[in-house]
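The following account is intended to be read alongside the sequence and the coordinates. It proceeds from the overall architecture to the interior, the surface and the charged pairs.

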Amino acid sequence: GGTTEGLTDLNIGLGLAYSYDTRDIAANAYKGMLFEARALYYSKYFGGEYNFGSITIDYRQYYKVSKTHRRVLAWNVLAETKIGNPPFSQHADVGGPFNLRGYYIGHYRDNTAVTAEVEWRQMWDIDPDTRFKRLLHRLGYTAWAACGFMGENIVKYNAVLPNAGLGFRFEVQKRMNFRVDAGYSFVDKHVLFYFNMTA
């Protein structure tokens with residue numbers, strides 16, 4: 001939608017949020033979990049332009065496979081659904097550097113989006129007793145497989161979006177990595193690259 005001036009929506013709402021977080025460090029967790037649930041209601045009575053609701057559930061789990069932090073298995077499920085008549089700008093979407101890497105963010109939109117991802121993270125477990133080995137000790141990689149579902153509601157889907165990728169990690173400082181990810185979209189048949197400073 002939109003006009004020559006762009007797309008502008010005014011949405012005002014109220015809601016509740018619940019969060020349970022046992023991760024050791026949020027930016028680069030080695031163990032623990034995060035569970036968040038949010039419910040929001042937007043209304044013209046509050047001064048907005050639309051009446052609709054939004055429900056989001058975010059679940060992330062991290063499992064340290066080795067005694068050190070060098071190998072971590074992570075998985076997450078994110079579900080978002082809109083109820084009523086949300087504007088185009090508030091539809092659920094997927095894609096971007098943290099959700100279905102390989103799909104352009106916002107390219108796929110609908111009332112409901114559900115994504116699930118499993119990721120293996122490994123840093124090279126090398127005894128850093130020389131300068132070269134200390135450099136190798138700071139290198140690592142990640143591999144993931146994921147899938148997204150888009151549709152009118154939580155049980156009726158019209159798009160299935162499989163995804164996989166590989167990433168490179170360089171530990172700049174403790175628990176902070178420079179990351180380069182290459183995600184492949186099985187639907188759009190292309191690879192997208194991402195550069196970031198997190199896990």
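The paragraphs below begin with the chain as a whole and then turn to individual residues.

The model is a predicted one. Its chain of 199 residues contains one helix and eleven strands. Read from the N terminus, the order of elements is β-β-β-β-β-β-β-α-β-β-β-β, which places the helix after seven strands and ahead of the remaining four. The C-alpha trace extends over about 65 × 35 × 35 Å along its principal axes. Among contacts with a separation of 6 or more, 52% join residues that are 24 or more positions apart. Buried residues make up 38% of the chain. The accessible surface amounts to about 11,300 Å², and carbon and sulfur atoms contribute 62% of that area.

The interior may be considered next. The largest nonpolar core consists of eleven residues: Ala92, Val94, Leu100, Tyr103, Tyr108, Ala113, Trp144, Ala146, Met150, Ala159 and Leu161. Strand S8 (139-151) and strand S9 each provide at least two of these residues, and S8 has the largest share, with three. Apart from this core lies another, of five residues, including Ala29, Tyr30, Tyr62 and Ala74.

Ala92, a member of the largest core, has contacts with Tyr108, Ala113 and Met150, which belong to that core too. Its partners beyond four places in sequence also include Glu80, Lys82, Arg109 and Thr112. Thr112 itself lies in strand S7 (residues 112-123). Is Thr112 buried or exposed? With a relative accessible area of 0%, Thr112 is buried, because the limit for that class is under 20%. The side chain of this buried threonine makes a polar contact of 2.7 Å with the side chain of Thr81. Beyond its sequence neighbours, Thr112 touches Glu80, Thr81 and Ala92, together with the run Phe149, Met150, Gly151, Glu152, Asn153 and Ile154.

Gly96 occupies the loop between strand S5 (92-93) and strand S6 (109-110). At a relative accessible area of 4%, Gly96 is buried. Outside its sequence neighbourhood, Gly96 touches Arg101, Tyr103, Ile105 and Tyr194; Tyr103 is one of the residues of the largest nonpolar core. The C-alpha atoms of Gly96 and Thr115 are 12 Å apart, with their positions 19 residues apart along the chain.

On the surface, Phe168, Val172, Phe178, Val191, Phe193, Phe195 and Met197 form a nonpolar patch with a combined accessible area of about 650 Å². Strands S9 (157-173) and S11 (190-198) are the elements that give two or more residues to the patch. S11 gives the most, with four. Met197, in strand S11, has 37% relative accessibility and therefore counts as partly exposed.

Two residues in the loops of the C-terminal strands have notable backbone angles. Most residues other than glycine have a negative phi. Arg175, however, has a positive phi of about 65 degrees, and phi of Lys189 is near 60 degrees. Arg175 is in the loop between S9 and strand S10 (176-185), while Lys189 is in the loop between S10 and S11. The two differ in burial: Arg175 counts as buried at 14% relative accessibility, whereas Lys189 counts as exposed at 58%.

Charged pairs complete the picture, with 14 salt bridges found in the whole structure. What does the salt bridge between Arg175 and Asp24 tie together? The two side chains meet at 3.0 Å, N to O. Arg175 lies in the loop between S9 and S10 and Asp24 in the loop between strand S1 (13-21) and strand S2 (32-42), so the pair ties together parts that are 151 residues apart in sequence. Asp24, at 32%, is partly exposed.

Asp93 and Arg109 form another salt bridge, at 3.9 Å. This pair links strand S5 with strand S6, its residues being 16 apart. Asp93 is partly exposed at 25%, as is Arg109 at 29%. A further bridge joins Glu36 and Arg38, with the closest N and O atoms 3.1 Å apart. Finally, Arg101, Glu117, Glu119, Arg121, Arg169, Arg179 and Asp181 are linked in a network of salt bridges; Arg101 is also one of the residues that Gly96 touches.

Definitions and conventions. Residues numbered from 1 in each chain as written. Predicted model: local features only at pLDDT ≥ 70, side-chain atom pairs only at ≥ 80, totals over all residues. Heavy atoms only, no water. Buried < 20%, exposed > 50% of the residue type's maximum accessible area, 1.4 Å probe, protein only. Polar contact = N/O pair within 3.5 Å; in protein donor to acceptor, adjacent residues only side chain to side chain. Contact = heavy atoms within 4.5 Å. Patch = residues over 30% accessible without salt bridge, like charges linked within 9 Å, V, L, I, M, F, W, Y side chains within 5 Å. Areas by Shrake-Rupley, 256 points an atom, 1.4 Å probe, with all protein chains shown as cover. Salt bridge = Lys/Arg side-chain N within 4 Å of Asp/Glu carboxyl O. Core = buried A, V, L, I, M, F, W, Y, C linked by side-chain atoms within 4.5 Å.
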